[in-house]
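Student: I would like to go through the salt bridges, surface and cavities of this model, and to see how each label is justified.
Tutor: Then each value should be set against its definition.

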Amino acid sequence: MSATACGTSLPHESAIAQITGSATYVDDMPELQGTLHAAPILSPMAHGRLRGVDARVALAIPGVRSVVMADDIPGDPTLAAFAHDEPVFALDTVQHVGQVIGLVLADDVATARRAARQVKLDIEALPAVLTPREAHARQSYVLPPVHVTRGNVANALKQAPHTLSGSFEVGGQEHFYLEGQIAYAVPHEQQQWVIYSSTQHPGEVQHWVAHALGLHNHRVRVECRRMGGGFGGKETQAGHMAVWAAVAAYKTGRPVKLRLDRDDDFLITGKRHPFAYDYTAGFDNEGRLLGLDLTLLANCGFSADLSGPVADRAVFHSDNAYFLEHVAIHSFRCKTHVQSFTAFRGFGGPQGVIAIETILGDIARYLGLDPLAVRLRNLYSHAPAGPGLTASGLRDTTHYQMQVEDNILEPLITRLAKTSRYQERRHEIAAWNVDSPIVKRGLALTPVKFGISFTATLFNQAGALVHVYTDGSVMVNHGGTEMGQGLHTKVAQVVADELGVPFERVLVTASDTARVPNASATAASSGTDLNGRAAQFAARNVRHNLAAFVCGLDGCGAGEVEFRHGQVITPKATRGFTEVVHQAYANRIQLWSDGFYRTPKIHYDKATLTGRPFYYFAYGAACTEVAIDTLTGETRVLAVDILHDVGHSINPAIDIGQIEGGFVQGMGWLTTEELVWNAQGQLATHAPSTYKIPATGDVPERLKVDLWPEPNREDNVFGSKAVGEPPFMLAISVWEAIRDAVAQARGDGEPVQMDAPATPERVLRALSAG
């Protein structure tokens, strides 16, 4: 076993508790006496004027205690969201099917839900806008458009030997966390509140609840031990549940629990933003991009939520791994009368990356070239750029003026192409397709370059507390949240190594706004980068206190004191860690400390979207082989080879699990997970019977993951890199492999126009389009 915790594949800190069923989630907590259960009253209409609510039938049902409406909110009736454009409960209008108009409270959840369906609503129908293209045509936006340009695109397109134009759309995605949205609001004395919330952002829940109740933040405490999955869906959306439960508890003076069932969760909460794209690309005979005009239409739903930063990140990642010499990107944040779309793993990055990968794939087919060769020719590199386009004069600077300093794209892609036998398999697949009239195969190798940091610079900070008790045990509390991704495990590993104690001595406790205030959301793949570093600094402060104490005993310098293997070692003596802690306590030495970390180097101008928004980039590549049935349109992923850059891994087993899970989730987004709204704006796919996430049978028989053997070149905790979101975009190789199979089946050398996800219907349409 490794002498240190970091770098070792230690089990997840809750693994045993989870598999034995003893790990508690919010709904497992014993309910206090008098607890009421809430159920939402939902709008059946996409857009309309709310003229009246009749709850008399619901209130007559035995066990029903109250109905809660907008008039019952003691504070601001608008949520404390960034844009201040979303009501707590619908006020004069409803703006999507499933918008919450109020709550029914009852003694048990079944009665509450049954009664909520008996509430009669008087709504006058208004015209509804349901697609981003319709919204764009009407100039209906939740936020102003953003345009980022470099060079002279019009001239570059005019002079390019070849141009290609196209349009396509990419659908949204339901988070489908195993634990649904839930909050438990408990009133305490003197206008104090405790909220138990399944949330990625306890600090925001605290602020939202206080805002709705008309209180200062210090009167609201939010706790989250763990979530049963989040994926971004519990970043802002959990705040809604907490506010609704708290307002209900305020009205009744009793604890209130609100747990959505799966259907209501689908209808109420936001999802990944669907995007529509229009592009014109200019390129030379070898497929090198000379100019690109790209329009991104983000379907934001009825309110802004996090659409601004999501759409910004899509703009930032529209280059993916490639230098865009002359480029114009137009981002429109479209308002529609559907659920307000929100954060989802990748946070706009996947919607940006898929655009450029689709364009490069079609350029390769247009020219009759190997798609990988076209991708390699367009990579960021140290080759000269056009005059005046970059500060360095090289093809190493993004369209938002950030220099790509840690570029490992070419060696990483080249290594994967070799280990996956990419060239040999292309020849083998071409030969196989000649002899297979019905089932055709395709192959694609695509990279990812993903920026790590919150694009909103102020969120790139974290705090932590480390307590060392007199028995030598260690407790850690930090501002991050655990949703199954292993954050608490990694933080415990970092602290264990900093203090030189065994991993088993360290316990990470529930995220709690009363311990670490003003914490950022656990999002943007930065949970370990921020909270791990803050916890490391807190532990380092305690270690320095102990080292200074031991130096006084042994007459040595602080640099001569070592903490390892549960011992404190000086040139004169070796003592057990617990012994030193005992002696330090007896001498009134501080055995706890806080730690604070702010990400260095980052800055950017929100008005122009230029600067250095990211501390570093995480890289990866995937080679995927698929098969399609040309009679049914059915697809199957046959084999996947991944080479991914996680820096110096703190926990290789957890990182590989994140890579595998992210890839499969991305595969679902692009193949089986289709959100369908009908002409009335009703979500038709709101249950597992109609919305299909990947199952075990969809995981390819061959799924091989290797880690790139190089530490982070930036000064990050343990030399690691973030791993939560970047692997999601490796699944774009599935999309490109399916399009490659369609192209080989058609054999016409034309671009493959297809929307995502690549459902059997869409594959068949693409096959017949040639």
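Tutor: A salt bridge is a side-chain nitrogen of Lys or Arg within 4 Å of a carboxyl oxygen of Asp or Glu. Note that the model is predicted.

Student: What makes K490 and D655 a salt bridge?
Tutor: The N to O distance between the side chains of K490 and D655 is 2.5 Å. The cut-off is within 4 Å, so the pair counts as a salt bridge. K490 lies in helix α14 and D655 in helix α17, 165 residues apart, so the pair links distant parts of the chain. Both K490 and D655 are buried.

Student: Why is the contact of R739 with D362 called a salt bridge?
Tutor: The closest N and O atoms of R739 and D362 are 3.1 Å apart, and the limit is 4 Å, so the term applies. R739 belongs to helix α18 and D362 to helix α10, with their positions 377 residues apart in the chain. R739 and D362 are both buried.

Student: Which residues are joined with R739 and D362 into one network?
Tutor: Through salt bridges that share partners, E357, R365, R375 and E736 are joined with R739 and D362. The whole structure has 46 salt bridges.

Student: R441 forms a salt bridge with E625. Why is R441 called partly exposed, and is E625 buried or exposed?
Tutor: Partly exposed runs between 20% and 50% relative accessible area, and R441 has 26%, so R441 is partly exposed. E625 has 10%, which is under 20%, so E625 is buried. The closest N and O atoms of the pair are 3.3 Å apart. R441 is in strand β16 and E625 in strand β27.

Student: Strand β16 also holds V439. Why is V439 called partly exposed?
Tutor: V439 has a relative accessible area of 31%, between the 20% and 50% limits, so the label is partly exposed. Patch residues need over 30%, so V439 at 31% passes that cut-off. With W432, I438 and L631, V439 makes a nonpolar surface patch of about 340 Å².

Student: How many cavities of 30 Å³ or more are there?
Tutor: The count is seven. The largest cavity holds about 150 Å³ of space. Of its 18 lining residues, E86, H96, H240, I268 and F302 are the closest to its centre. Helix α7 gives the most to this lining, with three residues.

Student: How is the lining of the largest cavity divided by class?
Tutor: Nine residues are nonpolar, eight polar and one charged.

Conventions: Residues numbered from 1 in each chain as written. Predicted model: local features only at pLDDT ≥ 70, side-chain atom pairs only at ≥ 80, totals over all residues. Heavy atoms only, no water. Patch = residues over 30% accessible without salt bridge, like charges linked within 9 Å, V, L, I, M, F, W, Y side chains within 5 Å. Areas by Shrake-Rupley, 256 points an atom, 1.4 Å probe, with all protein chains shown as cover. Helix = DSSP H or I, 4+ residues; strand = E, 2+ residues; numbered from the N terminus. Buried < 20%, exposed > 50% of the residue type's maximum accessible area, 1.4 Å probe, protein only. 1 Å grid on protein atoms, 1.4 Å probe; cavity = no way out; pocket = protein on both sides within 12 Å on 5 of 7 lines; lining within 4 Å. Points joined across faces, edges and corners; volume = space filled by probe spheres on them. Nonpolar A, V, L, I, M, F, W, Y, C, P; charged D, E, K, R; others polar.
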